[in-house]
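This text walks through a single protein model. It looks at a pocket, then at the nonpolar interior, then at pairs of charged side chains.

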Amino acid sequence: MFSGTRGSTTESFIRRGQNLFHGNQILAGQVLGYNPDKRFKQADHTLENIFLALDRTFASPDGASQAKAQFAAYLVLDAIIGNTDRHHENWGIIAEQPSAGWTGLMAPTFDHASSLGRELLDEGMGKVRERVLREHRVGSYVEKGSGAVYWTSTDPHGLSPVELVRRATPLHPDLFSSALLRAHGIEQATLEQVVGDVPDGWMTEPARAFAVEVMWYGIRELRKVTP
């Protein structure tokens with residue numbers, strides 16, 4: 001609590017001597033014509049361009065493969081929690097320069113605020129969460145959510161996180177397999193326990209129920225995706 005306002009504090013994952021380079025900086029340096037300053041509707045932020053940039057950034061094939069697999073794991077997480085905000089400043093690489101030269105690794109995943117239906121209302125005339133739950137339309141809500149990673153640069157909007165994993169896995173089964181296998185093992189009771197641990201007063205009951213349904217839908221759909 002700060003001046004009566006709730007918030008959160010998060011320890012920085014950057015240590016002394018390290019720098020975080022965001023995705024837009026990486027793409028601008030590795031993909032010809034990429035505009036790093038375009039904040040919204042950046043249709044060049046495609047999975048193909050992201051993987052191309054990572055291939056060109058990491059010196060060794062093994063390093064590039066590990067980086068791409070970690071990014072694939074980001075996308076599996078997004079599909080579970082319904083994160084539609086994986087734009088080009090919401091991923092990055094941590095770099096440092098020891099005596100032997102530059103080294104780098106993918107940053108941990110960060111900034112998941114646009115998830116779990118956080119923009120929907122419990123109260124007032126809308127009562128959107130309750131209505132969607134009552135009408136069993138959580139799946140429709142999830143599938144309609146436009147993400148910030150595009151399939152092609154000519155698409156009008158990004159794919160939903162679930163659809164992105166559906167399309168990408170057959171093309172890159174080796175990159176998605178580990179994260180998908182972990183996701184396949186998550187049970188609904190685990191989700192309920194995690195959401196139930198949020199303190200009373202910080203999350204309404206409709207918000208809890210909606211969060212569980214969003215994640216459970218995502219996991220059930222991911223179980224249909226086999227690498």
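Sorted by class, the residues lining the largest pocket comprise 4 nonpolar, 9 polar and 3 charged ones. The model is a predicted one. In total, 16 residues line this pocket, and its volume is about 260 Å³. Nearest to the centre of the pocket lie Phe 40, Lys 41, Gly 147, Ala 148 and Tyr 150.

Next comes the interior. The largest nonpolar core has 50 residues. Which of its members touch the most other members? They are Leu 54, Phe 71, Val 76, Trp 91 and Phe 176. Several helices each give two or more residues to this core, among them H1 (23-30), H2 (47-57), H3 (61-81) and H5 (138-144). Further along the chain, helices H6 (161-171), H7 (173-184), H8 (188-196) and H9 (205-222) do so as well. Helix H3 gives the most, with 10 residues.

Val 76 can serve as an example of how a core residue is surrounded. Leaving aside residues up to four places away in sequence, Val 76 touches Val 165, Phe 176, Ala 179, Leu 180, Ala 183 and Leu 222. One of these partners, Phe 176, is also listed with Val 76 among the core residues that touch the most other members.

The charged side chains come last. The model has 14 salt bridges. Three of them can be compared by how far their residues are open to the surroundings.

Are Asp 78 and Arg 86 buried or exposed? Asp 78 has a relative accessibility of 2%, and Arg 86 has a relative accessible area of 2%. Buried means under 20%, so both residues count as buried. These two residues form a salt bridge, with their closest N and O atoms 3.0 Å apart.

Arg 15 and Glu 11 also form a salt bridge through their side chains, with an N to O distance of 3.1 Å. Here Arg 15 is partly exposed, at 45% relative accessible area, while Glu 11 is exposed, at 63%.

The third pair is Arg 166 and Glu 163, whose side chains meet in a salt bridge of 2.7 Å, N to O. Both sit in helix H6, and because they are 3 residues apart there, about one helical turn separates them. Arg 166 is partly exposed, with a relative accessible area of 25%, and Glu 163 is partly exposed too, at 21%. This pair belongs to a network in which salt bridges with shared partners join Glu 143, Glu 163, Arg 166, Arg 167, Glu 221 and Lys 224.

Notes. Residues are numbered from 1 along each chain as its sequence is written. This is a predicted model: local features need pLDDT of at least 70, side-chain atom pairs count only at pLDDT 80 or more; totals for chains, interfaces and linings use all residues. Side-chain values use heavy atoms; hydrogens and water are left out. On a 1 Å grid over the protein atoms alone, a cavity is a set of points where a 1.4 Å probe fits but cannot get out, and a pocket is an open set with protein on both sides within 12 Å along at least five of seven lines; lining residues have an atom within 4 Å of a point. Grid points are joined across faces, edges and corners, and a volume is the space filled by probe spheres set on the points. Ala, Val, Leu, Ile, Met, Phe, Trp, Tyr, Cys and Pro count as nonpolar, Asp, Glu, Lys and Arg as charged, and the others, Gly among them, as polar. A nonpolar core is a set of buried Ala, Val, Leu, Ile, Met, Phe, Trp, Tyr and Cys residues joined through side-chain atoms within 4.5 Å. Buried means under 20% relative accessible area, exposed over 50%, partly exposed in between (1.4 Å probe, protein chains only). Helices (H or I, at least four residues) and strands (E, at least two) are DSSP runs, numbered from the N terminus. Contact means heavy atoms within 4.5 Å. A salt bridge is a side-chain nitrogen of Lys or Arg within 4 Å of a carboxyl oxygen of Asp or Glu.
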